[in-house]
Amino acid sequence: GKGTSGTTAVADHADIERVVVSDDEISAKIDELAKQVAADYADVDSVLLVGVLKGAVMFMADFARALGRHGRPVELEFMAVSSYGQRTTSSGVVRILKDLDRDIEGRHVIVVEDIVDSGLTLNWLLKYLASRSAATVEVVTLVRKPEAVKVDVKVRYVGFDIPNEFVVGYGLDYAERYRELPYIGVLRPAVYSRG
Ligand code: 5GP
Ligand code: MG
Ligand code: MG
């Protein structure tokens, strides 16, 4: 990290070149986002978090608990859509791998995303949720990349704006690895060439 939390964010994994967002920065930001969301949704009966698998699992779990601490109970749903696969660039093709288990008609939905890059996946998802007649749909993403700012995709809550680099950790993978890291970081170039 940039040391804003006062801690030294040193990668404890040999494949990580640099930490972009430390675990302390992540937890402080989640608390801040949860406080804001709890205030914004204070007057509604129920809130439905829709987590996008698999990348958003860590964020979803920590964010839901933070909302609870701030007095905002939530219900949880998950969707899985295809995006990058094992590649590191967007195909633009979105496919539902796991749909919602319940009807969302009239519900106040908050989509929980790990990262918004091109915004293609999210754009498609927002149209899909609107077609399922949710009362309101907003988005919270832990991180956002510069490309996402250019496209017209409505993201109300953003944790961190990060540079245009491929990152892993805190749910984010490279070929299904590194999701368990507690921070977000950049891989050493050698990791990609070793296949
Ligand atoms: P988008 O459609 O916004 O370009 O990206 C959607 C998905 O691509 C994200 O939910 C995530 O799974 C993947 N993605 C985009 N950028 C990154 C990145 O820097 N690291 C990882 N691990 N996944 C990314
Ligand atoms: Mg995602
Ligand atoms: Mg992935």
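**View 1. Leu 48 stands opposite Glu 75 in strand 3.** This is a predicted model, in which local features need pLDDT of at least 70, side-chain atom pairs count only at pLDDT 80 or more, and totals for chains, interfaces and linings use all residues. Residues are numbered from 1 along each chain as its sequence is written, while chains are lettered from A and ligands numbered from 1 in the order in which they are written. Strand 2 (residues 47-53) pairs with strand 3 (residues 75-82) in the parallel sense over 6 bridges. Strands (E, at least two residues) and helices (H or I, at least four) are DSSP runs numbered from the N terminus; two strands pair if DSSP finds at least two bridges between them.

**View 2. Helix 2 (residues 57-69) packs on the sheet.** Helix 2 touches strand 2, strand 3, strand 5 and strand 6. Its direction makes about 160° with that of strand 2. Contact means C-beta atoms, placed from the backbone, within 7 Å. Axes are lines fitted to C-alpha atoms, for helices over the stretch in contact, and angles run from 0 to 180 degrees between N-to-C directions.

**View 3. An open sheet is formed by 6 strands.** Their order is 4-3-2-5-6-7, and the pairing is mixed. Strand 4 (95-98) and strand 7 (157-161) are the edge strands, each pairing on one side only. On average, neighbouring strands of this sheet are turned by 30° against each other, direction ignored.

**View 4. Helix 1 (residues 23-40) also packs on the sheet.** Helix 1 touches strand 5 (108-116), strand 6 (136-144) and strand 7. The direction of helix 1 makes about 160° with that of strand 7.

How values were computed. Contact = placed C-beta atoms within 7 Å.
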